[in-house]
Amino acid sequence: MAEVLSFTVPVGSDKTLFVWELSPEPGAEALQHSLFTVFSQFGLLYSVRVFPNAPEATPGFHAIIKFYSARDAYRAQKVCDQKQLFQKSPVKVHLCTRRKMHQYPVYPLSSFKCKELANYYLGFNGWSKRIIMLQKLSDFKVKENTSPAKSSARQSLKYFCALEVVLLAYGCQSRGAGISEEFLDQQEGPLEFLMKKKKTQKLAIQKALSDAFQKLLMVVLDVCLEYQKVKCPETHRKYGIGS
């Protein structure tokens, strides 16, 4: 069986777990850490969000956990439902149920999340980026004041970045572009100017990196390996890349 993963925010009920009957102690922050520790053993997590129960309900918390992979979410649900996990009483874990015809908006992952997803499936040395261009576009932009008779020019920094993500093991490249702009205040000194310049350049690179990853798809295959003629009970993965 194969599963296609993209560098977008995961959506759909098949990738989302609803966890409830969480104890009120030791608190939301500690619960979030415990949930992340347990469920990240089944696959890479996009998010773990913990919420207090409604005032009229039993004191405690519930959580929503998002996986990138529907297969990982399904496996986690089967293993963790009605188990104590990290507390004295068992928790309930279900796949979220929503209307099948519901259309979910698609949002690109941030550059940080893109790198996290690529590192998990491809390895830290499985991909690299190459900056093709980092170009300053303009220095000034006219801004309209509230009064139609007045206008002022504010100095701004705008950078354009083009880069390439390279997957050497698969002979695959993907290019992306990004633009970032930062406004300057007249009273800012050379140090503040330099800091904003670095920030603007960094944001342009991050946007270009995210854009490049949007053009890639990962095909995840589950393969059961054999060791010394004995089938391994654990599932190992091999990965294919398509653009």
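Leaving aside its neighbours within four places in sequence, which residues is Leu117 in contact with? In this predicted model, the partners of Leu117 are Ser6, Phe7, Leu44, Tyr68, Leu109 and Met218. Leu117 also belongs to the largest nonpolar core, which has 29 residues. Leu117 is among the residues with the most contacts inside that core, together with Phe7, Trp127, Leu163, Val165 and Phe213. Four elements give two or more residues to this core: helix H3 (111–122), strand S7 (151–167), helix H4 (190–213) and strand S9 (217–223). A second, separate core has 20 residues. Phe39, Leu45, Ala63 and Val91 are included in this second core. In soluble globular proteins, nonpolar side chains tend to be buried together.

The protein as a whole has 243 residues, and 36% of them count as buried. Its elements are 4 helices and 12 strands. Contacts with a separation of 6 or more were also examined. Of these, 65% are between residues 24 or more positions apart.

Helix H3 carries Leu117 among its buried residues. The others listed are Ser111, Lys113, Cys114, Ala118, Asn119, Tyr121 and Leu122. H3 has 12 residues. From its first C-alpha to its last, H3 reaches 16 Å, close to the 16 Å expected at 1.5 Å a residue. Just after H3 comes Gly123, with a positive phi of about 90°.

An open sheet of 4 strands was also found. Its order is S3-S4-S2-S5, and the pairing is antiparallel. Strand S3 (45–52) and strand S5 (92–95) are the edge strands, and each pairs on one side only. On average, neighbouring strands of the sheet are turned by 20° against each other, direction ignored. Strands of a sheet pair through backbone hydrogen bonds, either parallel or antiparallel. Strand S2 (residues 16–22) is joined to S5 by 4 bridges, and the two run antiparallel. Here Phe18 stands opposite His94 in S5.

Two helices pack on this sheet. Helix H1 (residues 28–39) touches S2, S3, strand S4 (61–67) and S5. The direction of H1 makes about 145° with that of S3. Helix H2 (residues 70–80) touches S2, S4 and S5. The direction of H2 makes about 150° with that of S5.

Strand S2 also holds Thr16. Is Thr16 buried or exposed? The cut-off for buried is under 20% relative accessible area. Thr16 counts as buried because its relative accessibility is 6%. Leaving aside neighbours within four places in sequence, Thr16 is in contact with Ile64, Ile65, Lys66, His94, Leu95 and Cys96.

Helix H1 has 12 residues. It reaches 16 Å from its first C-alpha to its last, close to the 16 Å expected at 1.5 Å a residue. Its buried residues are Leu31, Leu35, Val38 and Phe39. Why do these residues line one face of the helix? Seen down the axis of H1, they fall within an arc of 80°, so they line one face. An α-helix has 3.6 residues a turn, so residues three or four places apart point the same way. The cover over the buried residues of H1 includes S2, S3, S4, H2 and S5. Glu29 and His33 are exposed on the other side of H1.

Methods: Residues numbered from 1 in each chain as written. Predicted model: local features only at pLDDT ≥ 70, side-chain atom pairs only at ≥ 80, totals over all residues. Heavy atoms only, no water. Core = buried A, V, L, I, M, F, W, Y, C linked by side-chain atoms within 4.5 Å. Buried < 20%, exposed > 50% of the residue type's maximum accessible area, 1.4 Å probe, protein only. Contact = heavy atoms within 4.5 Å. Pairing = 2+ DSSP bridges. Axes fitted to C-alpha atoms, helices over the stretch in contact; angles between N-to-C directions. Expected span 1.5 Å × (residues − 1). Arc of directions from axis to C-beta.
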